[in-house]
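Work through the exercises below with the sequence and the model at hand. Each task is followed by a solution in steps.

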Amino acid sequence: VQLVESGGGSVQAGDSLRLSCAASGHSANTYALGWFRQAPGKEREFVATISWTGGRIYYADSVKGRFTISRDMGKNTVSLQMNDLKPGDTAIYYCAAASQPVRIAADYDFWGQGTQVTVSS
């Protein structure tokens, strides 16, 4: 499975951004897709994940109510709508694929190259 993220950028606090991830390859549409992020000097952390049917969705507490994950089965894409962005959201955001919508990075089998999100105050 190949994953390609897009949509990162530099914004001001309170602004919105929408990240997208295109999944391709064998059985790509049967995988759960998740978003993780990694800030400089910090470990990669879970952001959100969605099952392959879209029926199960989980968020990190730090983004709940501000971020929304969704997927388009027809296009094999997953999106992360990020509203009310804060400087603490600054990180490289990675798309990942796993057999189940879990929160542990080590359980994801495939990763994208990442896209930078920078939020200034």
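Accessible areas come from the Shrake-Rupley method with a 1.4 Å probe. The model is predicted.

**Exercise 1. Describe the chain as a whole: its elements, its extent and its surface.**

Step 1. Count the elements. The chain has 0 helices and 11 strands, and from the N terminus on its elements run β-β-β-β-β-β-β-β-β-β-β.

Step 2. Judge the compactness. The radius of gyration is 13 Å, close to the 14 Å that the globule rule gives for 121 residues, so the chain is as compact as a globular protein of that length.

Step 3. Give the extent. Taken along the principal axes, the box filled by the C-alpha atoms is roughly 40 × 30 × 25 Å.

Step 4. Turn to the surface. The accessible surface of the chain is about 5,900 Å², and carbon and sulfur atoms account for 49% of it. Of the 121 residues, 42% are buried.

Step 5. Look at the contacts. Among contacts in the chain with a separation of 6 or more, 57% are between residues 24 or more positions apart.

**Exercise 2. Lay out the open sheet formed by 4 strands, and follow the pairing of β3.**

Step 1. Write down the order. The strands are arranged β1-β3-β8-β7, with antiparallel pairing.

Step 2. Find the edges. β1 (2-6) and β7 (67-72) each pair on one side only, which makes them the edge strands.

Step 3. Add the angle. On average, neighbouring strands of this sheet are turned by 15° against each other, direction ignored.

Step 4. Take β3 with β1. Strand β3 covers residues 17-24 and pairs with β1 in the antiparallel sense over 5 bridges. Glutamine 2 has serine 24 of β3 as its bridge partner, and glutamate 5 stands opposite cysteine 21 in β3.

Step 5. Take β3 with β8. Strand β8 (residues 77-82) runs antiparallel to β3 and is joined to β3 by 6 bridges. One pair is serine 20 with its bridge partner serine 79 in β8.

Step 6. Separate the faces of β3. Leu17, Leu19, Cys21 and Ala23 form the covered face, while Arg18, Ser20, Ala22 and Ser24 form the uncovered one.

**Exercise 3. Where is serine 51 found, and is serine 51 buried or exposed?**

Step 1. Place the residue. Serine 51 is in the loop between β5 (45-50) and β6 (57-59).

Step 2. Apply the cut-off. Buried means under 20% relative accessible area. Serine 51 has a relative accessible area of 3%, so serine 51 is buried.

Step 3. List the contacts. With neighbours within four places in sequence left aside, serine 51 is in contact with Ala32, Arg56, Arg71 and Pro101.

Step 4. Check the side chain. A polar atom of the serine 51 side chain lies 3.2 Å from the backbone nitrogen of glycine 55.

**Exercise 4. Where is serine 62 found, and what is the relative accessible area of serine 62?**

Step 1. Place the residue. Serine 62 is in the loop between β6 and β7.

Step 2. Classify the residue. The relative accessible area of serine 62 is 42%, so serine 62 is partly exposed.

Step 3. Add a distance. Serine 62 and alanine 48 are 14 residues apart along the chain, and their C-alpha atoms are separated by 10 Å.

Note on methods: Residues are numbered from 1 along each chain as its sequence is written. This is a predicted model: local features need pLDDT of at least 70, side-chain atom pairs count only at pLDDT 80 or more; totals for chains, interfaces and linings use all residues. Side-chain values use heavy atoms; hydrogens and water are left out. Two strands pair if DSSP finds at least two bridges between them. Helices (H or I, at least four residues) and strands (E, at least two) are DSSP runs, numbered from the N terminus. Axes are lines fitted to C-alpha atoms, for helices over the stretch in contact, and angles run from 0 to 180 degrees between N-to-C directions. Buried means under 20% relative accessible area, exposed over 50%, partly exposed in between (1.4 Å probe, protein chains only). A polar contact is a pair of N or O atoms within 3.5 Å; within protein, one must be able to donate a hydrogen and the other to accept it, and residues adjacent in sequence count only if both atoms are side-chain atoms. Contact means heavy atoms within 4.5 Å. The radius of gyration is taken over C-alpha atoms; the globule rule is 2.2 Å times the number of residues to the power 0.38.
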